[in-house]
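Here is a small set of exercises to work through with the structure open beside you. Try each task before reading its solution.

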Amino acid sequence: MKNLMICILVLASIMACKKEKPIDEKQELVENLKSYTIEQMMDNEAIGGGSFSPDKSKLLVSSNRSGIYNMYTVPTEGGDFTPLTASDSASIFGISYFPNDERMLFRMDNNGDEIYHIYMRDTTGTFKELTPDKGARASFYGWAHDGNSFYYGYTKRNPRFTDIYEMDLNTLTAKMIYQNDEAYGFGGISRDKKYMALSKAITTNDSDLFVYNFDDKSLTKVNENQSANSASDFTPDSQSLLYTTDEGSEFGYLKKYDIATKSYEKVLEKDWDIWASFFTHDGKKRITLVNNDAKTDVEVIDVATGDSVDFPSFETGDVSNISFSRDGTKARFYVSGSNTPSNLYSYDVESKTPTKLSDVLNKDINPADMVTAKVVRYKSFDGLEIPAIYYAPHQASAANKVPALVWVHGGPGGQSRQNFSSLIQYLVNHGYAILAVNNRGSSGYGKTFYQMDDQNHGEKDLQDCVEGKNWLAEQPEINAERIGIIGGSYGGYMTMAALTFKPEEFDVGVNIFGVTNWLRTLKSIPPWWESFKDALYKEMGDPAKDSVRLHRISPLFHTEKVTKPLMVLQGAKDPRVLQVESDEIVAGVKKNGVPVEYVLFEDEGHGFVKKENQIEAYGKILQFLDKYLAYEEPVKE
């Protein structure tokens, strides 16, 4: 009996130790947690793209390792990145290798003005501008399947209309193949060059889809009822069009339209939006992307059998952005997570061997110090469930309460996702909890949810953000008296709306190139947004017809209500939210005697892409928050 009692006591002791272990592990993490400088955090490399060379030995990528984006190649078997350009001003983004030789396409604009031009780098390293017309905007649309030409959109004829061109790769001469007087959106060209998919936005959710016949110049409407329709890809035999639609459904599903018979077939449906589905160049595989609760699921199937194709998966991150070589024997993809920047991999299909080609996290940073976000949901004022992404600092606890920020995405109609953000991780590392809200009007949660903020901006969507603040305040690790709001573009507007129309709810606001005067912004949208303008007006309001409401929801006209410290960041080249928006809101709020800090970059547009500017901008955001939001010492219970 005595021995039995000893065994029970020993077992109880072991179980107690097991229960305490997670607490010990967290305590050890907190004790060893390193605080990183903005220079260290922004020294994470960002890589994009990945076009196979004709012999599949290299990938063409873009990277900001030099401080701004330039083109590089990297061996598909692993090795050093080789720089191809050395711009120290405008960023250069690689588009693709030519299909049959090692010439390359890339694009540049003028420091963020979004007037892109397409360039070629030949095999001697010489650059040639292929779309040189001043003020005209060019957009690469893709290679012809035969590899002898590429398609692109060009505003040479009229800045409001993006005509469609084809450029011959041998002569580098271009011809207009479609004069786009109706401002249709481009959706792809069939492999036999007989058909083209076009779309016309009706609302910011709904669009009509058409098939244009190059032979007889006919235009046939695909969708039968008003819904969200988007071309995905023509089938390899060029006889049908795959497209996504939400007709009769909350979420987008995949449908096939037979061009000759005008018949339909539902191909695939998921519990979330299917974003896209496209075929590999050899036509043997189809890749489908699904927006699953703010992260991307990827499905690869064998076209002949319909069976799933084995593809790498990773416990530490999600696979995304898959692309195959033209012959289908190799693939490249990215692996990332909320706590891990995107790394590039190559993949040999036959041996099923993935090869990691990059390690973008700064070597000074301990990966364990990064925070893994979690999806949460809370009830808004009317009972509507609002999804959000929550980042809690490692050091936060009921005994060590931290300040917090409500983060609002861009848009309207954007989505905060489970992706890595150096700025978010920087702020969280320095003790700020962040709740990235997906307020009503965000994409990814069904079309009813998406349309709930139409002509309601600055009202119900703002209240969702306030309820996000209230959710934060209820968390035991949050200092309920120290909660601010931050966002860019539409999120910047929501920041200003919060400080203006709910002036006592948030303690500070950080407005990153946010709209403050909807009347001006809707009148001054870039001309190349012509295809989207009417839809945007239906969601936001027509400035010629709805001026009273737009005046009412524009923070610029109500700056006397702002009572809390404000920070504003802006790029002078921004074509979407003009610099004057930020100039005027700063001047208006300063009249109240409220602390205002203004950071303006002459060489940035709608988003800061140069590392030196990111370091300055994000470092100043932390300084602002430390000064006006955080206590000098953590608040204890």
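## Exercise 1: A salt bridge within a helix

Lys-533 and Glu-530 sit three residues apart in helix α8, about one turn of the helix. Keep in mind that this is a predicted model.

**Task.** Work out how Lys-533 pairs with Glu-530, and which of the two is buried.

**Solution.**
- Start with the geometry: an α-helix has 3.6 residues a turn, so side chains three or four places apart point the same way.
- Next, check the distance. The closest N and O atoms of Lys-533 and Glu-530 are 3.8 Å apart, and the cut-off for a salt bridge is 4 Å, so the pair counts as one.
- Now compare exposure. Glu-530 has a relative accessible area of 17%, so it is buried, while Lys-533, at 22%, is partly exposed.
- Finally, look around the helix. Glu-530 is listed among the buried residues of α8 together with Ala-535, Leu-536, Tyr-537, Glu-539 and Met-540. Their cover includes β11, β14, α7 and α9. Just past the end of α8, Gly-541 has a positive phi of about 120°.

## Exercise 2: A salt bridge between strands

**Task.** Find the strands that hold Lys-221 and Asp-208, and describe the bridge between these residues.

**Solution.**
- The closest N and O atoms of Lys-221 and Asp-208 are 3.7 Å apart, and the two form a salt bridge.
- This pair links distant parts of the chain: Lys-221 belongs to strand β16 and Asp-208 to strand β15, 13 residues apart.
- On exposure, Lys-221 is partly exposed because its relative accessibility is 40%. Asp-208 is buried, at 14%.
- For another pair, turn to Asp-101 and Arg-103, whose side chains meet at 2.9 Å, N to O. Here Asp-101 is partly exposed at 24%, and Arg-103 is buried at 16%.
- To finish, pick out the salt-bridge network that links Glu-77, Lys-330 and Asp-348.

## Exercise 3: Backbone angles to look at twice

**Task.** Which peptide bond is cis between Gly-411 and its neighbour, and what phi do Lys-193 and Lys-262 take?

**Solution.**
- Begin with the usual case: most residues other than glycine have a negative phi, and most peptide bonds are trans.
- The bond from Gly-411 to Pro-412 is cis, its omega being near 0°. Pro-412 lies in the loop between β30 and α3.
- Lys-193 is not a glycine, yet has a positive phi of about 65°. Its loop runs between β13 and β14, and it is partly exposed at 29% relative accessibility.
- Lys-262, also not a glycine, has a positive phi of about 55°. It is placed in the loop between β19 and β20, and at 48% it counts as partly exposed.

## Exercise 4: A covered helix

**Task.** How many residues of α3 are buried, and what do they pack against?

**Solution.**
- Count the buried residues: eight of the eight in α3, a helix that is mostly covered. Among them are Leu-423, Ile-424, Tyr-426 and Val-428.
- Then identify the partners. The buried residues of α3 pack against α2, β29, β30, β31, β32 and α11.
- Last, step just beyond α3 to Gly-431, which takes a positive phi of about 95°.

Notes
Residues are numbered from 1 along each chain as its sequence is written. This is a predicted model: local features need pLDDT of at least 70, side-chain atom pairs count only at pLDDT 80 or more; totals for chains, interfaces and linings use all residues. Side-chain values use heavy atoms; hydrogens and water are left out. Buried means under 20% relative accessible area, exposed over 50%, partly exposed in between (1.4 Å probe, protein chains only). Helices (H or I, at least four residues) and strands (E, at least two) are DSSP runs, numbered from the N terminus. Contact means heavy atoms within 4.5 Å.
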